[in-house]
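Take a moment with the sequence and the model before reading on. The paragraphs below walk through a few parts of it in turn.

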Amino acid sequence: MRAALLAVLKACTTPVVILASLAAVLPSAARAQGNPDWHRAIPGFKIAGNLYYVGTADLAVYLITTPQGNILINSDFKQDVPAIRKSIEGLGFKYGDIKIILISHAHGDHDEGVGVIKAETRAQLMVMDADVAAVESTAAGRPGAKVDRVLHDRDTVELGGAKLTARLTPGHTPGCTTWTMPVVDGGRTLNAVIVGSPNVNPGYVLVGDKRNYPEIAGDYVTTFALLKSLPVDLFLGAHGAYFNLKDKLPKMTAGSTNPFIDPAGYKAYVAEREQAFEKELTKETADAHAGDTVGFDIAWNHVALSVPNIAESIAWYEKMLGFKGVVRGGQPNPNARQQVADLRRGNVTIELFQLADATPLPESRKNPSDDFRTHGVKHFGFEVKNLPAVLAELKAKGVKMAFEMRDAPTERFAFISDNAGNAIELIEHKTAR
Ligand SMILES: [Zn+2]
Ligand SMILES: [Zn+2]
């Protein structure tokens, strides 16, 4: 019995997933706003030679010191500028000696504070051409800072013997910049690479974005080819997480090898990020071409249920799943031959019918495993974030289970019964990282 049931459930995986993805339009809980390490101050430290780390625990800021003044890469958010200043001064340097400000890319976690630092130090702000408009923008969260020098791929920034090269690594932003520089340390010359960002952020559209950034996918391809070609000793980047700052920093002890000299870690990081990009590109390409043989678009609209009592069904869906029910034509009328209602939550609509002479749902249709033995539409599914927590909440409210949670490697799912016996699947897709 159990084996048969499992086989049946396996066979239904595909339709379940399709239904679940169509239903994955419930308002998602607010996306985690950043990361606690973003604004956590840490003391500045020397990486090698005249290259210092003066950022927060994750938002990397670099100081390159020279006899003719210093170069700063990244500003973090405005609120982080005092911590950067403290790190610079803690290392014995003068904040006012910053002569040039550079950035990794035009996102607030790296550039929001450039205007503040520029005003406080009178430094020159130099930005890659395609990110200039975003840096000069006065929109909310943008620095609104005047760019003094517009950079292009391979341009160099020189001051007091230091020489940085700007490499255009577009995709994450159109002007995303990877900085390279030779660092003389203990008689050796080390190639430092400060990765701008190889990441495809949630919500980025790689395929079919004709308006905002149509060349984005090709730009990422260019970026990965370039990143793979760079000679690297010191592996650094715009976020500490890129190069595992957390684990490497405690290893910066006198006499030991410098943990930031990590060409193998760089290679592995770039390869992993390229795979992540390619996976997303493959997925988006498949999605974009799914409807190519059909001359029209479709969007998910609704599912319809015939129920014995519309008022009871509305009450159940409101209590258990947070829908709002509206009976067409006003209040439920027990004497009407036919009543229709709509249940809505976010983009999900369930249409309810109550017909006076309708036949009750057969017992076999109430159990999802048995129901597969009858042809027809079987169930609908909702994607949830934390299925065990969702089930605990529903059980506390007295929900009837139709099928207890099953944990599979990539997803877990369960079925609940609504008040009329309809099976509803709840599915949670596990994320890789
Ligand atoms: Zn970014
Ligand atoms: Zn960032």
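In which sense do β17 and strand β20 pair, and over how many bridges? They pair in the parallel sense, over four bridges. Keep in mind that this is a predicted model. Strand β20 covers residues 423–429. One of the contacts between the two strands can be named: E383 has I427 in β20 as its bridge partner.

Now step back to the sheet around that pair. It is an open sheet of four strands. Read across, the order is β17-β20-β19-β18. The pairing is mixed. β17 (380–383) and β18 (400–407) stand at the edges. Each has a single partner strand, so one side of each is left without a neighbour in the sheet. Neighbouring strands here are turned by 20 degrees against each other on average, direction ignored. A helix belongs in this picture too. Helix α12, residues 387–396, lies across β18, β19 (411–417) and β20. Its course runs at about 15 degrees to β19.

Another sheet deserves a look. What is the order of its strands? The order is β13-β16-β15-β14, in an open sheet of four strands with mixed pairing. The edge strands are β13 and β14 (324–327), and each of them pairs on one side only. From one strand to the next, the twist averages 20 degrees. Inside this sheet, strand β15 (residues 338–345) and strand β16 (residues 348–355) run antiparallel. Eight bridges join them. R345 stands opposite V348 in β16. Helix α10, residues 310–321, packs on the sheet. The helix touches β13, β14, β15 and β16, and its direction makes about 5 degrees with that of β15.

Strand β13 also leads to a pocket. Which strand gives the largest share of the lining of the second largest pocket? That is strand β13 (residues 302–306), with four residues. In total, 23 residues line this pocket. Nearest its centre lie L305, S306, V307, L361 and N422. The lining has 14 nonpolar, four polar and five charged residues. The space in the second largest pocket is about 480 Å³.

Finally, turn to the metals. Which residues are the protein donors of the zinc ion (ligand 1)? They are H105 (NE2), H107 (ND1) and H172 (NE2), at 2.0 to 2.1 Å from the ion. Along the chain, these donors follow the spacing H-x1-H-x64-H. Distant parts of the chain are linked here, with H107 and H172 lying 65 residues apart. H107 sits in the loop between β5 (98–102) and α4. H172 sits in the loop between β9 (162–168) and β10 (177–185).

The zinc ion (ligand 2) has its own set of protein donors: D109 (OD), H110 (NE2) and H239 (NE2). They lie 2.0 to 2.1 Å from this ion. Their spacing in sequence is D-H-x128-H. Again, distant parts of the chain are linked, since D109 and H239 are 130 residues apart. D109 is in helix α4 (residues 108–111). H239 is in the loop between β12 (234–237) and α8 (245–248). How far apart are the zinc ion (ligand 2) and the zinc ion (ligand 1)? The two ions are 3.4 Å apart.

Technical notes
Residues numbered from 1 in each chain as written. Chains lettered and ligands numbered in written order. Predicted model: local features only at pLDDT ≥ 70, side-chain atom pairs only at ≥ 80, totals over all residues. Heavy atoms only, no water. 1 Å grid on protein atoms, 1.4 Å probe; cavity = no way out; pocket = protein on both sides within 12 Å on 5 of 7 lines; lining within 4 Å. Points joined across faces, edges and corners; volume = space filled by probe spheres on them. Nonpolar A, V, L, I, M, F, W, Y, C, P; charged D, E, K, R; others polar. Pairing = 2+ DSSP bridges. Axes fitted to C-alpha atoms, helices over the stretch in contact; angles between N-to-C directions. Contact = heavy atoms within 4.5 Å. Donors = N, O, S within 2.8 Å, 3.2 Å for Na, K, Ca; no water.
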